[in-house]
Amino acid sequence: MRTGHYKESVGGLIALSDSKAVWAWTVVLLAALVAAPFLVGAYSLTLMVSALIAVIGAVGLNLLTGTTGLISLGQAGFLAVGAYTNAILLTDYHMPVWVGLPAAGIAGALVSIVVGIPSLRLKGLYLAITTLAFAFIINHIILYAEHVTHGPNGVFVTGAKLFGFGLQRGPALYYLALTLAVATIFAALNLLRTRVGRAWIAIRDHDIAARVMGIDLVRYKLLAFVVSSFIVAVAGALLSLQIRFVNIDVFALILSIEALAIIILGGLGSVAGAVLGAVFLSYLPEAIRLVLSAVIDPASPLYANYVYEIRGIANGLVIVLFLRFKPDGLIGFWRDARKYWSNWPLAY
Amino acid sequence: MDFLALLVSTGLVSGAAYGLIAMGFALIYKSTGVVNFAQGELVMLTAYVSFSLANALGLSFIPLLIVTIPIAMAIGLALERLIIRPMLGEPVFSIVMATVGLAVILRGIVVLIWGSEPLNFPAGLPTKVISIVGVPFYPAQLCLLGALALVTFCAWLFLRFTRLGMAMRAVAANETAALLMGVSVDRIHAAAWMLSAAIAAIAGMLFAINFKLAPDMWFQGLKSFPAVILGGLDSVIGASLAGLIIGVIENLAQGYLGEGMREIAGFVVIIVVLMVRPYGLFGSVDIERV
Amino acid sequence: MKIATSVLAAALLSATAAWAGDPGVSDTEIKIGDVNIMTGPAAFVGRGVSLGSKIAAAEINAAGGINGRKIKILTEDDGYIPSRSFQALTKLLDEDGIFALNGTSGTANVLAMMPLITENNLPTVVTTAPSALIYKPVRPSVFTFGASYSDAFYAQLKYIHDHSEPNNPVYGVIRQDDDFGQEVEAGYERAVKEFGVKDGIRLRFKKGTSNFAAEMAQMKQAGVNVLANGGIFAGAANILSEARKLDMNLQSADVWSEGIPASAKLAAPAGYDYTVGDYVALSGPAVEKFLAMAKAFTTADELAGVSRYTFVTYVGLKSLAHAMRECGKELTRACTIEKLRQTKNLDTGGLSAPVSYDNPQQLAGTEVAVYQLHAKDVTFHELVGFKKY
């Protein structure tokens, strides 16, 4: 039972984790994920890819909203920018995918500077609605810039290949998504332990005090926007690879609200929370579907006529109940378990 | 001139709809600090409820309004007690997310009970066109404008001169101090939700009569956000005025610029205004102490 | 969570035994998939579509099935979102193992599913989104039934031009800012060029708009008296209601979505006797016969939801079934596609023109009939029977 920390070197102080058990379990999890395509069917694999894309997007949003405290409802816009950039580069200009993905990220980052500058003075809900406004405007521009984005007709995404493997089917896409997700998580965890991460946390906690202590608000807020949007745009590009056809219907505003729900349900401010929230909300519709078809007989008229509404209501109900009883989010379960384990038999 | 008059008059009408919904947002935010993302769904739900009442009881407009408002207030109270009250003390973010979840539930319930077809809702108002200064109006549109004016006036009276209104302003300014002064914060929260639901009922009924009664009415809630922000999140009167401004600007943009500018005109306006006044036109500035 | 789901998925996969040959076919049943709009604001469209598949399957099963095999319809929801259509079809193919696809939702949704359809050589009948994007280029296993929006509007404008054109005709079009709207404008353009009439104004609006005050003010300013109304459902009703408020004397050609009872009820109070062009029947003896037949297979509630969306999928499944029946006991996807290609003049009991897929684009049902609404009693009457335009 751990009673404290004792470090002898700088390396030990800044290591991601000093516990051999943590590293061992991480390796086991990674091994299981790598072996997954051989264990599960094609449909489950596409669900996992969707969950991984949600993880990447959630980690990106968490850096902006959870760590820096800048509430953003404009994620749907950045997803769209990333997806469209990737789609247009791949299909219209026949670029390879290792140009398309980073280019998508850079496009998202550039757009976020445009979004970030007016938002520097704003706080709280005002900031949230401004980002929502930008998402609306981005959608509008995509729709009307027909000569570049094909307007309402959408863009097919084909021909993504890497080392000769077609990247848009099954296991290849899954490994790409897995690699990017792991890279993003590590990048986020490391970023949070640097000067930049600490500056962000200071801005979240009290930005005037942070300014007084010498943290340049403009620079770090813009940096938060840029980094977060880069990651979200890459998630959007991955999404375009998976669904193979993008048009603005895919990026309805509801995605932004769902993204926010993911990081709040997972636990605001922690990377692990973002990951847990993304996985949970990605699998929730499937879980509800399974539970409902077990509880209600699929052949009854009640099921046939009302099942979709019931599923929708169940979705909302789970979110509300969760927030009611566990406002900390999913990460709160983990923290409680850890505290219980290390404090037992004492209460605190 | 005719064209301009048409654009401005219809802009005022759609602006009135935005304004009424925005007032509901502002009232709840002012008293509880929570942005109720389920306001659009509440508008939709109360509109459908009044539709059913109209069909079941065959009422004309004013009696229907008188019957719907208490029921809407009851719904608002129920939602506040069930969802918001148990979460008192939790971070505001979580409560806002809970309203998002509530919005999803309400949307599902509406389709479950009333189906997904768009419905016709005349509510006993005459459909003969009335001409004012050469500009044509439907009676339903005039009712909408009148309702906004009436509700704004009543809100001003309420907040300024009644005890409950002053208590609400006290709670908005400083909850702890209000508690120390003997204000029952718990009751104020409930009252805020009830009144907001009443305004939502008026907004819902009139919107449904004027535009449509369909399960995608909730989107109007999102579209009213520019009005809320422009007026200042915690200014009820400001929300009403801002609604009218946004409505007119949207129509003018669409009429003279075209290209779907109506959809984004409101949002462009708030971005520009917020750069100059970060708390909206009439919002109260957050004074932070380090 | 992932492990549990994958174990469950493995169990499900082994449960749906895929017999030797193509998936979805066993000795006793054939699985046909539907990807419809079951949730969201357009859900009543998807319900109507789904009903068509259900009625057709029930009718065929009651008559003994297809060479002894019963049809089983598996429906998935896509909420009109293309990425969800893709996911839904993935599930239908991988987990449920369907043999063919009948009901679909919108153009973008079908296009999103296209990579999966071509990969699996899935026999697909598209009846609700007969857009050129689907059959140009033609995909080997995709068969389209229906006329384009462009033809439907041209047919109506031609009728108005020939029979009831006002003295100083000024034409105008208002349409959605997407591919559906583009087709509406294409039909309008064709009509205006051919008739040599004044092209008053062309307006676009964003999907989901309910406030058309600015647009109709512009129409009034342009003096439009023949309108190509590209609005749908509540939107179309609002357009006409605004027009009535501005006291505009106009004739309106509408989208076939206005031919369903719900839309007619919404739009009738404006008092315009608008026309509708459609590739299935809206009224008349064929519809009566269908309703009488459907009574045996539906509840009263469902019967009330029957509309032109039901007819299109009904025709689609009947044509699919016809081809499957020709294949006999050896039912494979390749054989079905071959037989579909050879389909000529398949009678649909008057619900549409006879179905013939034997052309390079595998396109049938392009004949349009024109109907007119009598606003006073909210009924539709045929003006012109099924004709090619």
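In which hand of crossing does H1(B) pass H8(C)? In this predicted model, H1(B) passes H8(C) in a right-handed crossing. The contact draws on Phe3(B), Leu6(B), Leu7(B) and Thr10(B) from H1(B), and on Ala213(C), Ala214(C), Ala217(C), Gln218(C) and Gln221(C) from H8(C). By character, the residues of this contact comprise six nonpolar, three polar and no charged.

Two packed helices are described by the angle between their axes and the distance between the axes. Helix H1 of chain B spans residues 2-32 and helix H8 of chain C spans residues 213-222; their axes come within 9 Å and cross at roughly 160°. Angles over 145 degrees count as roughly antiparallel, and H1(B) and H8(C) are therefore roughly antiparallel to each other.

Chain C also contains an open sheet of seven strands with mixed pairing, in the order E7-E6-E8-E9-E10-E12-E13. Strand E7 (198-205) and strand E13 (379-387) of chain C lie at the edges; each has a single partner strand, so one side of each is left without a neighbour in the sheet. From one strand to the next, the twist averages 20°.

Strands of a sheet pair through backbone hydrogen bonds, either parallel or antiparallel. Strand E6 (residues 170-176) and strand E8 (residues 226-230) of chain C run parallel and are joined by five bridges. Within this pairing, Arg175(C) has Gly230(C) in E8(C) as its bridge partner. Helix H6 (residues 149-163) of chain C packs on the sheet, where it touches E6, E8, E9, E10, E12 and E13 of chain C. The direction of H6 makes about 155° with that of E9(C).

Key. Residues numbered from 1 in each chain as written. Chains lettered and ligands numbered in written order. Predicted model: local features only at pLDDT ≥ 70, side-chain atom pairs only at ≥ 80, totals over all residues. Heavy atoms only, no water. Pairing = 2+ DSSP bridges. Helix = DSSP H or I, 4+ residues; strand = E, 2+ residues; numbered from the N terminus. Axes fitted to C-alpha atoms, helices over the stretch in contact; angles between N-to-C directions. Contact = heavy atoms within 4.5 Å. Parallel < 35°, antiparallel > 145°, perpendicular 65-115°, else oblique. Left-handed = near helix turned anticlockwise from the far one by under 90°. Nonpolar A, V, L, I, M, F, W, Y, C, P; charged D, E, K, R; others polar.
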